[in-house]
Amino acid sequence: AGAGVVARLGGADLAADVPGLAETGVALRVEDVERVPSADLTFAQVLDLVARASAAVRAGARGVVVTQGTDTLEESAFLADLVWPHAEPLVLTGAMRNPTLAGPDGPANLLAAVTAAAEPAVRGLGAVVAFNDELHAARWVRKQHATSTATFVSPDAGPVGRLEEERVRILSVPPRRTALPVPAPADLAAARVALHTAVLDEQGDELDGIAERYRGLIVAGLGVGHVTRRLVPALAGLAELMPVVLTSRAGAGPVLRHTYGAPGSEIDLQNRGLINGGLLHPYKARILLRLLLASGAGRERIAAAFAEHG
C-alpha cells in the first residue's frame, strides 16, 4: 500500500532464515535488545548493548554478533570498539536488501558474522563489521554507497579478512588500543559535540552560537585539512574555549601536519589551537571526542588520544 518497509523481525526470525547456519555447529543464544531504525540509535543504547555483549562473554560466549540497520553501522561499530575490552570478537552486520526483495543479503551476512564470531583467528581484532563476505575493522570501515550490497569498505586499509568456503581468512591485524572507560549517562548527555563541514564560499559566521550549545567541535575540512580564511577567526576563538578537532571531509587520507601554510591551512589551524584528527573520519572523530569529554579528559589528554587513534 506504499507504506514502505518497517523492520519487525526479531533475532530468532533472522537466524531461522539463514541456510547453513545450523550446519556450522555454533550454538547460538539469541537476545533482542532494541528494535528501532538505526537512525534512532543513541550512544546510550549502543553502550548498553556493549555491556550486554560483555556480560555474555564473561558468561562464556566465544563471540558476539550484533545486527542493526546500516545507516549508522560504521558509527556504532567504532563506538563499540573504543570501549570493548575483550579478546573475543564483537561482530556487527546488517543488510542492504530487505527480505521483501529478491536476493536479500541479510542471511549471507549473518552467516558470515556468526562464522567470524566463532573463529579463533578473529580474536583480538576488536569490533569488526562482516558484510559481503568481508571483515572490516571498526576503526577503518565506512559506508560508501547508499544502496550497494558492497557498501562497506575500508578506503585507508582494506578489509582485515574475507570469508572463503565457510572459513575466515585473516589478511591483516590492526593494532588494538586500550579500551576507553564508559562514562556515566549524565556525563555523556552533557558532552555534546558539534560537527561542521567546510564547503565552498563560507562567509565566516557559520559557527556563531556553537560555544553556547556544545563542549567540543569537529571540523570536516577541505582536502588535507583546510578551510576558508574567513572561518579562521571563529575557529581560533572556539579553540580557546573547547577542543576543536580538524579532520578531512574527503573520505580517505589524512589531515596533513606541516605542508601548507596559507591562512586556513593545516599549519595555520594547528598553530591556532586546533587538534589534528589524523586519518579519523569526521563522524568517528565526533564519537571519540564525545567519549573523551564525557570521561572528563582535558585538552592534553584529548590531543594524545587523537594522536593515538588518528
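Is D71 buried or exposed? D71 is exposed, its relative accessible area being 52%. That residue opens a short tour of this predicted model, told as legends for a series of close-up views.

**View 1. Three positions listed by UniProt gather in space.**
In an unreviewed entry, UniProt lists S38, T70 and D71 under "binding site". These residues are spread over 34 residues of sequence, yet they cluster in space, with a largest C-alpha distance of 6.9 Å. T70 sits in the loop between β1 and α3, and D71 is found in the loop between β1 and α3 as well. Despite being sequence neighbours, the two have opposite surroundings: T70 is buried, at a relative accessible area of 7%, whereas D71 is exposed at 52%. Setting aside residues within four places in sequence, T70 is in contact with S38, G94, A95, M96, F131, K143 and F152. With the same kind of neighbour left out, D71 is in contact with S38 and K143.

**View 2. V64 is a buried residue of strand β1.**
Here we look at V64, which lies in β1. V64 counts as buried because its relative accessibility is 13%, and the cut-off for buried is under 20%. Beyond its neighbours within four places in sequence, V64 is in contact with A53, V57, P89, L90, V91 and A117. As a sense of scale, V64 and A137 are 73 residues apart in sequence and 15 Å apart in space, C-alpha to C-alpha.

**View 3. The largest nonpolar core holds 45 residues.**
In soluble globular proteins, nonpolar side chains tend to be buried together. In this model, the members of the largest core that touch the most other members are L90, L92, V129, L288, L289, I302 and F306. Several elements each supply at least two residues of this core: helices α2 (43–58), α3 (73–83), α9 (282–294) and α10 (299–309), together with strands β1 (64–67), β2 (90–93) and β3 (127–131). The element that gives the most is α9, with eight residues. Another core, of 19 residues, lies apart from this one, and A194, A198, L207 and I210 are among its members. Back in the largest core, take a look at V129: leaving out residues up to four places away in sequence, V129 touches L73, A77, L92, E134, L135, H136, V141 and F152.

**View 4. Helix α9 packs against α3 and against α10.**
Two packed helices are described by the angle between their axes and the distance between the axes. For α3 and α9, the angle is about 35° and the axes are 10 Å apart; their crossing is right-handed. On the α3 side the contact is made by E74, E75, F78, L79, L82 and V83, and on the α9 side by Y283, K284, R286, I287, L288 and L291. The axes of α9 and α10 cross at roughly 145° and come within 11 Å, again in a right-handed crossing. In that contact, α9 brings A285, L288, L289, L292 and L293, while α10 brings R301, I302, A305, F306 and H309.

**View 5. Strand β7 pairs with β4 and with β8.**
Strand β7 (residues 161–164) has a covered face, made of G161 and L163, and an uncovered one, made of R162 and E164. Strand β4 (residues 134–137) pairs with β7 in the antiparallel sense over two bridges, with E134 of β4 bridged to R162 of β7. Toward strand β8 (residues 167–170), four bridges join the two antiparallel strands, and one of the partnerships is G161 with I170. β7 and β8 form a hairpin with two residues between them, and in the turn E165 has a positive phi of about 50°.

**View 6. Four parallel strands form an open sheet.**
The strand order is β9-β10-β11-β12. β9 (193–197) and β12 (275–276) are the edge strands, each pairing on one side only. Five bridges join β9 to the parallel strand β10 (residues 216–221), where G216 is the bridge partner of V193. An unreviewed UniProt entry places the feature "domain: Asparaginase/glutaminase C-terminal" at residues 192–306. That span is 34% helix and 16% strand, and its end C-alpha atoms lie 18 Å apart.

Definitions and conventions: Residues numbered from 1 in each chain as written. Predicted model: local features only at pLDDT ≥ 70, side-chain atom pairs only at ≥ 80, totals over all residues. Heavy atoms only, no water. Pairing = 2+ DSSP bridges. UniProt positions renumbered as here; feature names shortened; annotations may be inferred. Core = buried A, V, L, I, M, F, W, Y, C linked by side-chain atoms within 4.5 Å. Buried < 20%, exposed > 50% of the residue type's maximum accessible area, 1.4 Å probe, protein only. Contact = heavy atoms within 4.5 Å. Axes fitted to C-alpha atoms, helices over the stretch in contact; angles between N-to-C directions. Left-handed = near helix turned anticlockwise from the far one by under 90°.
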